[in-house]
Amino acid sequence: MIELTAGAARAVLDPTAGGRVLVLDVDDVSLLVTPEVDDHNHGIFPMAPWAGRIRHGAFTFEGESYQLPCNKPPHAIHGTARDCVWDVVASDATSATVAVALADPWPFGGRVVQHFALTLSELLHARLHGLAEEDTEGHTFGDERRDVSLPRKRLLDCGKQLGRR
């Protein structure tokens, strides 16, 4: 676990739980859905290497068919990175960088990096960056490094902070 603090704000990141933000509190008020409410969809997690759903986990790319595991039957949703253990690249009291290599069952390889900074002015500023340097068979893209921008799923628990729970 990595804990970031800035004034009355606190964020807790868990690299072992898919590189997700488990806790985001301000003045001891929790802003995110907790694992106790939903054990799979909680906190803020990266949707990588894809966002949304892949119908029946199957797709075709450049004439070749691929099958991904259906983690929300009957579909594959929100990528595989949220189910991986991430490496801690750097961390201090207010920021952290974590990364994960994309591997099987994702057929194209690559790497995803997240950088978090907790500040008083922006609360939690987060960047998620994907980089495809080679495919799973080790073929490099050479000068055609493929940078991708990837979204996150934010699961806010606004009802709790408004006194509705």
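**Exercise 1. Classify Asp25 by its accessibility and place it in the fold of this predicted model.**

Step 1. Asp25 has a relative accessible area of 9%. The cut-off for buried is under 20%. Asp25 is therefore buried.

Step 2. Locate the residue. Asp25 sits in strand 3, which spans residues 20-26.

Step 3. List its contacts, setting aside neighbours within four places in sequence. Asp25 then touches Ala8, Ala9 and Arg10, along with Ser30 and Leu31.

**Exercise 2. Describe how strand 7 and strand 8 are joined.**

Step 1. Find the direction. The two strands run antiparallel.

Step 2. Look at the bridges. There are four between strand 7 and strand 8. In one of the pairings, Thr60 has Ser65 of strand 8 as its bridge partner.

Step 3. Inspect the turn. Two residues separate the strands, and together the strands form a hairpin. Glu62 lies in the turn and has a positive phi of about 50°.

**Exercise 3. Analyse the aromatic pair of Phe59 and Phe108.**

Step 1. Start with the whole structure: a search finds seven aromatic pairs.

Step 2. Take the geometry of Phe59 and Phe108. Their ring centres are 6.3 Å apart, and the planes make an angle of 50°. Stacked needs under 30 degrees and edge-to-face needs over 60. This pair is tilted.

Step 3. Place both rings. Phe59 belongs to strand 7 (residues 58-61), while Phe108 is in the loop between strand 11 and strand 12. The pair links distant parts of the chain, 49 residues apart.

Step 4. Check burial. The relative accessibility of Phe59 is 19%, so Phe59 counts as buried.

Step 5. Widen the view. Phe59 and Phe108 share one aromatic cluster with Trp50, Phe61, Tyr66 and Trp106.

**Exercise 4. Which residues touch the most other members of the largest nonpolar core, and which strands supply it?**

Step 1. The core holds 29 residues. Those touching the most other members are Leu4, Leu13, Phe59, Leu68, Trp106 and Leu118.

Step 2. Turn to the strands. At least two core residues come from each of strand 1, strand 2, strand 3, strand 11 and strand 12.

Step 3. Examine Leu13. Beyond four places in sequence, Leu13 touches Met1, Ile2, Leu4, Arg20, Val21, Ala96 and Phe116.

**Exercise 5. Summarise the protein chain as a whole.**

Step 1. Count the elements: one helix and 15 strands.

Step 2. Of the 165 residues, 43% are buried.

Step 3. Consider contacts between residues at least 6 apart in sequence. Of these, 47% join residues at least 24 apart.

Step 4. The chain exposes about 9,200 Å², with 50% supplied by carbon and sulfur atoms.

Conventions. Residues are numbered from 1 along each chain as its sequence is written. This is a predicted model: local features need pLDDT of at least 70, side-chain atom pairs count only at pLDDT 80 or more; totals for chains, interfaces and linings use all residues. Side-chain values use heavy atoms; hydrogens and water are left out. Rings of Phe, Tyr and Trp (its six-membered ring) pair if their centres lie within 6.5 Å; planes under 30 degrees apart count as stacked, over 60 as edge-to-face and the rest as tilted. Buried means under 20% relative accessible area, exposed over 50%, partly exposed in between (1.4 Å probe, protein chains only). A nonpolar core is a set of buried Ala, Val, Leu, Ile, Met, Phe, Trp, Tyr and Cys residues joined through side-chain atoms within 4.5 Å. Contact means heavy atoms within 4.5 Å. Two strands pair if DSSP finds at least two bridges between them. Accessible areas come from the Shrake-Rupley method with a 1.4 Å probe; for residues, only the protein chains shown count as cover.
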